Amino acid sequence: MTRRSAPLGRLALGALGIAAVVAVWEGYKALAPDTGVVIGGTTVLPRSTETAMPHVWDMVSRLSDPVIGTVGGDTMWQTVLDAGLFTLKIAAFGWIIGVVVGFVLALVMQRFTIAEAAVLPWIVLSQTVPLIAIAPLVRRWGSQITIGGFEWQSEHSVAVIAAYLAFFPVAVGVLRGLKAPDATHVDLMHTYGIGWWRTLFSLRLPASVPFLIPALRLAAASAVIGTVVAEVSIGLRGGVGRLIIEYAQSASSDPAKPWAPIFAAIAVGLVAAAFVGLLGLALKPYRRSEIPA
Amino acid sequence: MTSSQAVQVSGVSRTFGGRKGASVTALESVDLTVAPGEFVSLIGPSGCGKSTLLRLIADLDTPTSGELSVFGKPARQARVDQDYGIAFQQAGLLPWKTVTGNIELPLALHGAGRSERKGRVKELLELIGLADFAGHYPDQLSGGMQQRVAIARALAESPKLLLMDEPFGALDEMTRERMQNELVRICAETQAAVVFVTHSIPEAVFLSDRVVVMSPRPGRITDVIDVSLGGPAERDDSLREDEAFFRAVAKVREALHGVPVTGARGVDSR
């Protein structure tokens, strides 16, 4: 059994990982020829020019420069921070919707065997549909919805698409979790004469936590990716996805610029993962079975 | 059928339907009576239906035919009324609950108050000798300790019948004998009747008033042997080396194999 490393040590390891990536990037840039490595007309290693691979410090320093030109206007980091928060908000909505839908589906599938046989293939199938294909559909259907004062916005479409990706790991993971209790446990609850609902709360839900946490983490990552991709394909302004497309156009004149929204996307992903990490801490008592006796 | 019996099984059969009409007869016309406070072991090779019989008594399964009553009620009613406590081969403790939380689980599920639960848990912890482990989690306990907690949980609602399905089957021999000693003491203190499934002959002989010998295909009772090696005070480790103990072991073994076992230690030809 490995001992749990101290928080400080883990932090140091994380920093070391980032340093390693930077070292590989800069090392390759210093050693590889500008034209890359071409064998028989095929580029097997990328070009290492300033345009193709800007220095890491250029990417970082670009964040503190203004977005356009050299004077006035918002600095880059403010702009990508705003975009990151915008994307994070939508992703969070999508995540919540996805988690609720996935949970309900898992409960129904656990309760009714027929439902599992009928629904599970569709759930798996749903993830094979390309996101690019459903994004315009969702937007078109959504634009026809007006309930009272509520009007469907593009943000809602993006959140729905994020949820579409996020519900899958939750449905599958929670279903596995709900089925995790031993036959002995299930028999025991039966001898106590308690019904499905109370068995759910006293046995199945607590037992599903070790499966729930990884599912929620996957769902968070999926929600962020779904949001960014949906922003691009729906053409929603204000988020990281749009900035990635916008800034990619200035890649040749300002090669460090496209990296700024990429960093923002990474930051959004990290925040989402950290949130699930906190949830995992809160549910720690229910994760004892993960540790072998 | 008298209601004074703890368990009354008459003419019970259980057939499991297999694929393509092939069905397995797990139990065939079984009759068994367990008196209040009596310790009865079910012993036999795998597939003899001893666990099936226990599950029928516990209403975890229903008989294909025959009558089955627990304290004069249908098995289902007895289960709903919590007339029995049950322990399985796996301790089956909830890993996210402490020893206390596990023992009081049935009480909590049936709405017992906090102070009542606290008092009962304290008694049970004393009974199983784990008073110092109240706040421990199952993964911090040895297999034997976990099984003791499971027994305490089975006793939580002071049932007059205890159903045990190979509860010591996963334990090593030393722990097992110690647990048997404890079970004798616990049974004496609680006055509960016990139906105990095992495939260990010495275990059955040491614990039981009567040993029910079963055989497979189809599962049925072939013999019932009165053991009764004395009261709980006399059942200690010295009994395991007693002549009477060996004689009873040999008797059960013969019943299991269907023929007298030659050369068995302590066989008396009287």
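Is Arg217(B) buried or partly exposed, judged by the other C-beta atoms within 10 Å? Before selecting the residue, bear in mind that this is a predicted model. Arg217(B) has 13 other C-beta atoms within 10 Å and is therefore partly exposed, since a residue needs 20 or more to be buried and 12 or fewer to be exposed.

**Stop 1: the loop between strand 9 and strand 10 of chain B**

Keep Arg217(B) selected and add Pro218(B), both of which lie in the loop between strand 9 and strand 10 of chain B. The backbone of Arg217(B) has a positive phi of about 45 degrees, although the residue is not a glycine. The peptide bond that joins Arg217(B) to Pro218(B) is cis, with omega at about -10 degrees.

**Stop 2: helix 9 of chain B**

Strand 9 (210–215) and strand 10 (220–226) of chain B, which flank that loop, are also among the elements that cover the buried residues of helix 9 of chain B, together with strand 3 (39–43) and helix 8 (201–207). Select residues 243–257 of chain B next: the 15 residues of helix 9 should span 21 Å at 1.5 Å a residue, and the end C-alpha atoms are 21 Å apart, which agrees. Now colour Ala248(B), Val249(B), Lys251(B), Val252(B), Ala255(B) and Leu256(B), which are the buried residues of this helix. These residues cover an arc of only 160 degrees around the axis, which puts them on the same side of helix 9 of chain B. Turn to the other side of the helix, and the exposed residues there are Glu243(B) and His257(B). Just after the helix comes Gly258(B), which takes a positive phi of about 85 degrees.

**Stop 3: helix 5 of chain B**

Move to residues 114–128 of chain B, which form helix 5. Helix 5 of chain B has 15 residues, and the distance from its first C-alpha to its last is 21 Å, close to the 21 Å expected at 1.5 Å a residue. Which residues of this helix are buried? They are Val121(B), Leu124(B), Leu125(B) and Ile128(B). In a view down the axis of helix 5 of chain B, these buried residues fall within an arc of 105 degrees, so they line one face of the helix. An α-helix has 3.6 residues a turn, so residues three or four places apart point the same way. The face turned away from the buried side carries the exposed residues Ser115(B), Glu116(B), Gly119(B) and Glu126(B). To see what covers the buried residues of helix 5 of chain B, show the surrounding elements, which include helix 3 (99–103) and helix 6 (143–155) of chain B. At the end of helix 5 of chain B, select Gly129(B), which follows the helix and has a positive phi near 70 degrees.

**Stop 4: the loop after helix 6 of chain B**

Helix 6 of chain B leads to another backbone feature, for Ser158(B) is found in the loop between helix 6 and strand 7 (161–165) of chain B. The phi of Ser158(B) is near 45 degrees, a positive value in a residue other than glycine. Ser158(B) counts as partly exposed because it has 13 C-beta neighbours inside 10 Å.

**Stop 5: where chain B touches chain A**

Show both chains and select their contact, which takes 15 residues from chain B and 19 residues from chain A. On the side of chain B that touches chain A, helix 2 (75–80) and helix 4 (105–109) of chain B each supply at least two residues. That side of chain B has 10 nonpolar, three polar and two charged residues.

**Stop 6: chain A and a pair of its helices**

Hide chain B and look at chain A, which has 10 helices and four strands. The C-alpha atoms of chain A fill a box of roughly 75 × 60 × 45 Å along the principal axes, and 34% of its 293 residues count as buried.

Finally, select helix 3 (residues 76–111) and helix 8 (residues 196–234) of chain A, whose axes come within 8 Å and cross at roughly 140 degrees. The crossing of helix 3 of chain A with helix 8 of chain A is right-handed. The residues that make this contact include Gly94(A), Trp95(A) and Gly98(A) of helix 3 of chain A and Ala219(A), Ala220(A) and Ala223(A) of helix 8 of chain A. By class, the residues of the contact between these two helices of chain A divide into 11 nonpolar, five polar and two charged.

Definitions and conventions. Residues numbered from 1 in each chain as written. Chains lettered and ligands numbered in written order. Predicted model: local features only at pLDDT ≥ 70, side-chain atom pairs only at ≥ 80, totals over all residues. Contact = placed C-beta atoms within 7 Å. Nonpolar A, V, L, I, M, F, W, Y, C, P; charged D, E, K, R; others polar. Expected span 1.5 Å × (residues − 1). Arc of directions from axis to C-beta. Axes fitted to C-alpha atoms, helices over the stretch in contact; angles between N-to-C directions. Left-handed = near helix turned anticlockwise from the far one by under 90°.
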